[in-house]
Amino acid sequence: MFFGGIAIEDAVGGVAVHSIRKGSLVLKKGTLIGVQEVAALRREGVRTIVIARLDGDDIGEDEAAAGVANALKGAGVRVEAPFTGRANLFAEEAGVLVLDHARIDEVNTIDESITFATLPAFAQVRAGEMVGTVKIIPFAVGQPILDRVLALLGQPVIRVAPFRPLRVAAISTMLPGLKDSVVAKTLQVLRDRLAPARATIVADKRIPHRADALTAALAEMSGNGADLAIVFGASAIADRRDVIPSAIEAAGGAIRHFGMPVDPGNLLLLGDIGPMSVLGAPGCARSPKENGFDWILNRLLAGIPVTRSDIIGLGVGGLLMEIVSRPQPRAGGEEDSHTPPSVAALILAAGRSTRMGGPNKLLQDYRGKPLVRHAVEAALASRARSVTVVTGHQAEEVQAALAGLPVTFIYNPDFAEGISTSVRAGVAALPGDADAALIGLGDMPLVGPALLDNLIEAFDPQRGARIVLPVSNGQRGNPVLWARRFFGELQSLEGDSGGRQILKANADAVVEVLVSSLDVTFDVDTPQALAALREGRR
């Protein structure tokens, strides 16, 4: 192939290598030069042009791209018409992408003029989703090079294994303290995972967390024709002799592999009872976030065999946990250290005040105001851009106590199930441009605006300070400021958890602000605490 500058009179039959804009002339890259193009160039005073001209054994970029793409594709993949040397490959049906990694590397090694890129191996794909692209870099490829690639591709290297509408049995083992609401939400998350595969939950069984009870349940599911049984244990699998693996073997099955070099997802177990596959789900399978459980489940749903070596090979790339101390772009652009963050205050005021023995603590008087009004007014006087109040118990009375204040009220109908429900409701209602949430409690009237401003001042995502909390005499207190990237985890909390597990898992993102007073650890939960507050004995 000829490539270079040439007089415009000699350029007929060549392809413009660069776009040319001059005067009224717009000649786009890739334009085939003809007599009219030469005349237009001459009118604008252009005397030379860089072109590419095919030689006798050259194959044009589009033809070459289409030829390679069609040789690469297998079942469930189609190739669209090529353009500008690119041929894109698309999934014809929903399923899992299966690749021959070694042979794809060989294709990309033969010559730099031919490149092939794909989605990751075993990615879940939708019908119509782009799964790969062939790009011819120059304007043509020599026939000998193209022949070498096509000779290598004796069989396809990319295909889609279609999902199968499997019959799935969900078995939940139960221990005291595990709420039915947690199990219900787990099943909804599972339904959402199964939906793309059109798989259905044919049994929802809840049994005691004992090997004998699980053995009977697994035998029943196998006898009823379930294709896949997923066991959500009330307690994580700690050993091959634990409840779930013991039950699989007692039911006549075998353990294919326990453990997985994917985090989250380490404690996954894969086994079989006859033709029925059994998944011992890790704890992270209760979360809708992608984790190692998805990687194995999707393969099973697509009928792809999963061996011990397949699981062991997932280690490279298996760390899915976000490294929160690393600065990353926020939604909509790069973090700008010169732009003050937008912090939204969230005051939780939905509790039932059960330890007060009757009255709602938030409505009790302190220095001429209800307790909750002190907390909300402090938030309004701080640098927080907005204040949202979550109500629940005696919502109308709490709103009346805050009459005239410029706040947004959010009602939490599930307030009786614990503080996590108020966190979830409040975080979901925060302004879309909030970079962080400062979550405070309505029964802490001594936390003033100066302290809140100190917490906001310490928030510095660029330096890894993504969770900020006060500490007094070595004891952590409230409020706690959370960067936006934790909003999803906050909305996954359950029961009376206020986020302690998130703090524990992200210790490197936590910044402690030392304070001299005990105000950040003092809340009014009991009549005695209220009396101490009023008497100044806190």
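How many helices and strands does the protein have? I counted 16 helices and 30 strands. I note at the start that this is a predicted model.

**Entry 1: overall form**

I looked up the radius of gyration next. The protein has 32 Å, whereas a compact globule of 538 residues would have a value near 24 Å. I then took the box along the principal axes, and the C-alpha atoms fill roughly 100 × 70 × 40 Å. For burial I used the cut-off of under 20% relative accessible area. By that rule, 49% of the 538 residues count as buried.

**Entry 2: the sheet with E1**

I began with an open sheet of three strands, and I wrote down its order as E1-E5-E2, with antiparallel pairing. Why is one side of E1 and of E2 left without a neighbour in the sheet? Strand E1 (2-7) and strand E2 (15-16) stand at the edges and each has a single partner strand, so one side of each has no neighbour there. I followed the pairing of E1 with strand E5, which covers residues 48-53. The two run in the antiparallel sense over six bridges. As a sample pair I picked Phe 2, whose bridge partner in E5 is Arg 53.

**Entry 3: the sheet around E9**

Is strand E9 mostly covered or mostly open? Strand E9 spans residues 95-99, and four of its five residues are buried, so I entered it as mostly covered by the rule of under 20% relative accessible area.

I then looked for the partners of E9. One of them is strand E11 (residues 124-125), paired with E9 in the antiparallel sense over two bridges. I found Gly 95 opposite Val 125 in E11, and Val 96 opposite Gln 124 in E11. Strand E14 (residues 158-162) also pairs with E9 in the antiparallel sense, here over five bridges. In this pairing, Val 98 has Arg 159 of E14 as its bridge partner.

Put together, these strands form an open sheet of three with the order E11-E9-E14 and antiparallel pairing. E11 and E14 are at the edges with a single partner strand each, so one side of each is left without a neighbour in the sheet.

As a reminder to myself, strands of a sheet pair through backbone hydrogen bonds, either parallel or antiparallel.

**Entry 4: a parallel pair**

In which sense do strand E15 and strand E16 pair? I found that E15 (residues 167-174) and E16 (residues 200-208) pair in the parallel sense, over eight bridges. Ala 169 stands opposite Ala 203 in E16. I also looked up helix H5, which covers residues 180-194. E15, H5 and E16 make a β-α-β unit, and I recorded the unit as right-handed.

**Entry 5: the cavity**

I searched for cavities of 30 Å³ or more and found one. The largest cavity holds about 100 Å³ of space. Its lining has 13 residues, and the closest to its centre are Ile 347, Gly 440, Val 447, Leu 452 and Pro 479. Three elements give two or more residues to this lining: strand E21 (343-349), helix H10 (371-381) and strand E26 (436-441). Which element gives the largest share of the lining? E26 does, with four residues. I sorted the lining residues by kind and got 12 nonpolar, one polar and no charged.

Definitions and conventions: Residues numbered from 1 in each chain as written. Predicted model: local features only at pLDDT ≥ 70, side-chain atom pairs only at ≥ 80, totals over all residues. Heavy atoms only, no water. Pairing = 2+ DSSP bridges. Right-handed = clockwise from strand over helix to strand, strands pointing away. 1 Å grid on protein atoms, 1.4 Å probe; cavity = no way out; pocket = protein on both sides within 12 Å on 5 of 7 lines; lining within 4 Å. Points joined across faces, edges and corners; volume = space filled by probe spheres on them. Nonpolar A, V, L, I, M, F, W, Y, C, P; charged D, E, K, R; others polar. Rg over C-alpha atoms; globule rule 2.2 N^0.38 Å. Buried < 20%, exposed > 50% of the residue type's maximum accessible area, 1.4 Å probe, protein only.
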